Structure formats: structure tokens, C-alpha cells
Amino acid sequence: DIGMIFQQFNLFGSRTIYDNVAYPLKLAHWKKADEKKRITELLSFVGLTSKAWDHPDQLSGGQKQRVGIARALATKPSILLADESTSALDPETTADVLSLLKRVNAELGVTVVVITHEMEVVRTIADRVVVMAGGRVVEEGSVYEVFSSPSTSVAADFVATSLRNTPDLVEAEDLQAGTGRLFTVTMQEGAGFFDAVSRVSAAGVSVNIVHGGVTTLQHHSFGRLTVRLTPHDDAGTQAIEDFAASLTRTTTIEEIR
């Protein structure tokens, strides 16, 4: 059994919240007493007990989506399909709805499949991610795997919209206006990046982190940092050449030219 929640809520405006949640139970011919018990449980779970006899136009967008979630869970589905379920919500309300969906998975044991183009939603809620393009699956894996080292350009473009840890063309041009050489370093845990920075600094090179960040997902850290390396003598110039070679295999480094 699959429950469905929608981007635009799809609630019956003429019916109360109680009756909206009751609708799939009536279609499934539940007994009246069982129906009442289930609706009471669900409204409590989504935090809308006090709104049972209100109508949808009396609710906020986030509350409407909570009703949609309660309705989708009414018949005790094993899978909940959320089709762009937060696209019509503001960021704070989106966070609340995603928190509720995580509770649905953790407390009720329901598998939640989220269809979204918002990678921040994937980053917040998902355990695994499937990337599709042109109706075909082009990449799949754990959220950490796809975000830390996307193997396709489609996935890399999606991930970039969430992480924003690589300079765009305008930012890169501004950064290149300064002295020294610019390198973008992509790293996972145990990359040895900061040890390499210590060595190059000791060799007479000024090191400045000018862009990027470190992210933690599924208890693992990864990051992308843009650094400016400025040598002060010939030894420093050679140290910069040796910089990339000193990093481990879990790191990639590319010079911005």
C-alpha cells in the first residue's frame, strides 16, 4: 500500500480536517469506531488535534501539508510517496514538514520516497538518493557518496546548488585578481589537507582559504576549499608544486587559471 502527499495539498475545501483525513478510510470501508480511533491518532501525531473541525482555508500552508501527511498515512501504508511536498512552503515551514517526515520513517517504520529537485531537501532528510535525467536513472548511492563525490555532471550540478562550495565564474574572476595561485581542493575524511597546508606554510608560502566549506552528512565529513598560495621565495614556489603530490588519494586538487 502506498500513501501520497502532494505539492499543492489537494485537500477538500468544503470538508473539515477530520473529514479530509477520514476520506481514504471511508473508501476502504473502515468501521466507524476504528475510523475515529485512527483519525484521532493521526491528528495527534501531526500536531493538529485542535484543528480537527476547522476547514483547510483556516490553516497555514505547513498545517495543510500536515493534514496531507495524516491523510496519506490513514490506511497504514508501507510506503509514503512525497511529490514535491515542500516546494510550495517557506524555508522554516519546509524544515518542520521534513522533520515530521523523518518521524514518520523513524517512529512508524514507513519508507518515505521524496521526489524533489531541491537538493537541500535531499541533504536534510534522505538516506539514499537516485538522480534522474531524461527519464533515466543516471546515478544512485548514499547521500554522502553522491554529495561528496558525484560521478555524473547531472548529479554534480544538483549538488552544487545545495553546497555552494565552488566559486562561480564571477567569483573566480574576482579571486584571480589577487596575487598568488588559486587551487580548489576537494577532500573527504582523512585527506591530509591540513597537514599539507602546514608543510607548505613552513616552506615560506602564505596560505589563505578564500572560498568553500566543510559539510557533515551521515556522520562523515567532506569539503571543498579554494585556497590562495603565495610563495615568498624560490623554496616556496617549489613547495607549491609539491603541494598536490603530498595529498592522499581521497583528495582532488585543481588550479584555477
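## Helix α10 and the sheet

Angles run from 0 to 180 degrees between N-to-C directions, and axes are lines fitted to C-alpha atoms. In this predicted model, helix α10 covers residues 234-243 and lies across four strands: β6 (181-188), β7, β8 and β9. Against β8, α10 runs at about 155°.

## The four-stranded sheet

The strands under α10 form an open sheet in the order β7-β8-β6-β9. Pairing in the sheet is antiparallel. Which strands sit at the edges? They are β7 (205-217) and β9 (251-256), and each of these pairs on one side only. Neighbouring strands are turned by 15° against each other on average, with direction ignored.

One pairing can be followed in detail. Edge strand β7 meets β8, which spans residues 220-231. Twelve bridges join β7 and β8 in the antiparallel sense. At one of the positions, Ile 209 has Val 227 of β8 as its bridge partner.

## Helix α3 against helix α4

Helix α3 spans residues 61-73, and helix α4 spans residues 91-108. They pack at an angle of about 20°, with their axes 10 Å apart. Angles under 35 degrees count as roughly parallel, so α3 is roughly parallel to α4. The crossing of α3 past α4 is right-handed.

Which residues make the contact? From α3 come Gly 62, Gln 65, Arg 66, Ile 69 and Leu 73. From α4 come Thr 93, Asp 96, Val 97, Leu 100, Leu 101, Val 104 and Leu 108. By class, this contact of α3 with α4 has seven nonpolar residues, three polar and two charged.

## Helix α1 against helix α3

Helix α3 also has α1 (residues 17-27) as a neighbour: the two axes come within 7 Å. They cross at roughly 30°. Because that angle is under 35 degrees, α1 and α3 are roughly parallel to each other. The crossing of α1 past α3 is right-handed.

On the α1 side, the contact uses Ile 17, Asn 20, Val 21 and Pro 24. On the α3 side, it uses Val 67, Ala 70 and Arg 71. How do the residues of the contact of α1 with α3 divide? Five are nonpolar, one is polar and one is charged.

## Summary

Helix α3 is roughly parallel to α4 and roughly parallel to α1. Elsewhere in the chain, α10 lies across β6, β7, β8 and β9, the strands of the open antiparallel sheet.

Technical notes: Residues numbered from 1 in each chain as written. Predicted model: local features only at pLDDT ≥ 70, side-chain atom pairs only at ≥ 80, totals over all residues. Heavy atoms only, no water. Helix = DSSP H or I, 4+ residues; strand = E, 2+ residues; numbered from the N terminus. Parallel < 35°, antiparallel > 145°, perpendicular 65-115°, else oblique. Left-handed = near helix turned anticlockwise from the far one by under 90°. Contact = heavy atoms within 4.5 Å. Nonpolar A, V, L, I, M, F, W, Y, C, P; charged D, E, K, R; others polar. Pairing = 2+ DSSP bridges.
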